[in-house]
Amino acid sequence: MPALHPSSTVAVVIPAKDEQDRIAATVRAVAGLDVVDVVVVVDDGSTDLTSKVARDAGAVVVAHHRNRGKAAALQTGARAVADWERTRPRPGVRPRPLLFVDADLADSAVETAPLTVPVLAGEADMTIAVLPRQATAGGGHGFVVGLSRRGTVAATGWSPEQPLSGMRCLTRAAFEAALPLAPGWGVETALTIDLLRAGFRVREVPCDLHHRVSGTDLRGQLHRAAQFRDVARALGRRRVQDVLRRSTR
């Protein structure tokens with residue numbers, strides 16, 4: 001069988017829930033990138049007009065009837081990309097890498113472009129965005145980030161600067177090697193650990209991205225509690241918690 005040529009373009013997957021105010025700007029920003037030829041928005045159980053607004057902005061939209069979580073949305077998005085590709089075959093070319101983009105980035109989503117460069121050049125199998133200081137400070141104390149980073153170091157020896165960053169570009173081979181994705185908010189931590197353990201090349205890339213941060217109100221605190229729970233579960237299922245306990249004795 002002849003070798004397949006690398007793709008020169010990527011497919012964007014945007015998981016979204018109740019993002020009608022920002023999703024159009026996010027879709028248009030990434031759709032305008034030269035290396036992007038399809039944008040898929042997965043409406044993960046929204047109760048607002050997220051689906052309509054995203055579709056009107058030019059995205060392919062797939063909707064979950066109920067909220068199923070980020071990992072499920074990413075997997076649904078990847079399947080939608082594969083379905084889209086089957087209607088537009090490119091003989092001799094590998095499937096497009098996937099560019100995961102958060103729905104609330106709005107116009108700044110254009111700055112995800114640097115994530116695609118090492119992947120399309122064959123220099124990395126997955127890139128992770130490192131964001132600058134955000135205009136509004138979050139309400140957390142770094143507990144979830146610290147847990148994720150310590151777990152990644154314990155599992156792989158690599159210390160990521162921003163282990164929870166959701167903006168990532170990865171080859172389809174890397175994505176498929178990580179399936180099934182860890183549920184909930186543990187998806188990013190598990191994705192990094194699983195790919196590094198499997199020998200894939202992972203690189204962090206600075207990106208000037210700006211999103212809505214969780215505040216100090218009850219909703220923000222509940223969000224961070226859910227993140228901590230899901231990251232801990234992802235680490236436990238990868239037997240990383242045992243390593244962490246031994247390292248603190």
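In this predicted model, strand 5 (residues 126-130) and strand 7 run parallel and are joined by five bridges. One residue pair within this arrangement is T127 and R203, the latter being the bridge partner in strand 7. Both strands belong to an open sheet of seven strands, arranged in the order 3-2-1-4-6-5-7 with mixed pairing. The edges of the sheet are formed by strand 3 (60-64) and strand 7 (202-206). Each of these two has a single partner strand, so one side of each is left without a neighbour in the sheet. On average, neighbouring strands of the sheet are turned by 20° against each other, with direction ignored.

Strand 1 (10-16) pairs with strand 2 in the parallel sense, over seven bridges. V10 of strand 1 has V36 as its bridge partner in strand 2. Burial was examined along strand 1. Seven of its seven residues are buried, so strand 1 is largely enclosed by the rest of the structure. The cut-off applied here is a relative accessible area under 20%. The residues of strand 1 point in two directions: V10, V12, I14 and A16 point one way, whereas A11, V13 and P15 point the other way. Residues pointing in either direction are buried.

Two helices lie across this part of the sheet. Helix 1 (residues 23-31) lies across strand 1 and strand 2 (36-44), and runs at about 155° to strand 2. Helix 3 (residues 70-86) lies across strand 1, strand 2, strand 3 and strand 4 (98-100). The angle between helix 3 and strand 2 is about 140°.

A contact between two helices was also examined. The axes of helix 5 (residues 143-156) and helix 7 (residues 187-197) come within 10 Å and cross at roughly 15°. Helix 5 is therefore roughly parallel to helix 7, because angles under 35 degrees are counted in that class. The crossing of the two helices is right-handed. On the side of helix 5, the contact involves S148, G151, T152, A155 and T156. These residues meet T189, T192, I193, L196 and R197 in helix 7. By residue class, the contact of helix 5 with helix 7 comprises three nonpolar, six polar and one charged.

Terms used: Residues numbered from 1 in each chain as written. Predicted model: local features only at pLDDT ≥ 70, side-chain atom pairs only at ≥ 80, totals over all residues. Heavy atoms only, no water. Axes fitted to C-alpha atoms, helices over the stretch in contact; angles between N-to-C directions. Helix = DSSP H or I, 4+ residues; strand = E, 2+ residues; numbered from the N terminus. Parallel < 35°, antiparallel > 145°, perpendicular 65-115°, else oblique. Left-handed = near helix turned anticlockwise from the far one by under 90°. Contact = heavy atoms within 4.5 Å. Nonpolar A, V, L, I, M, F, W, Y, C, P; charged D, E, K, R; others polar. Pairing = 2+ DSSP bridges. Buried < 20%, exposed > 50% of the residue type's maximum accessible area, 1.4 Å probe, protein only.
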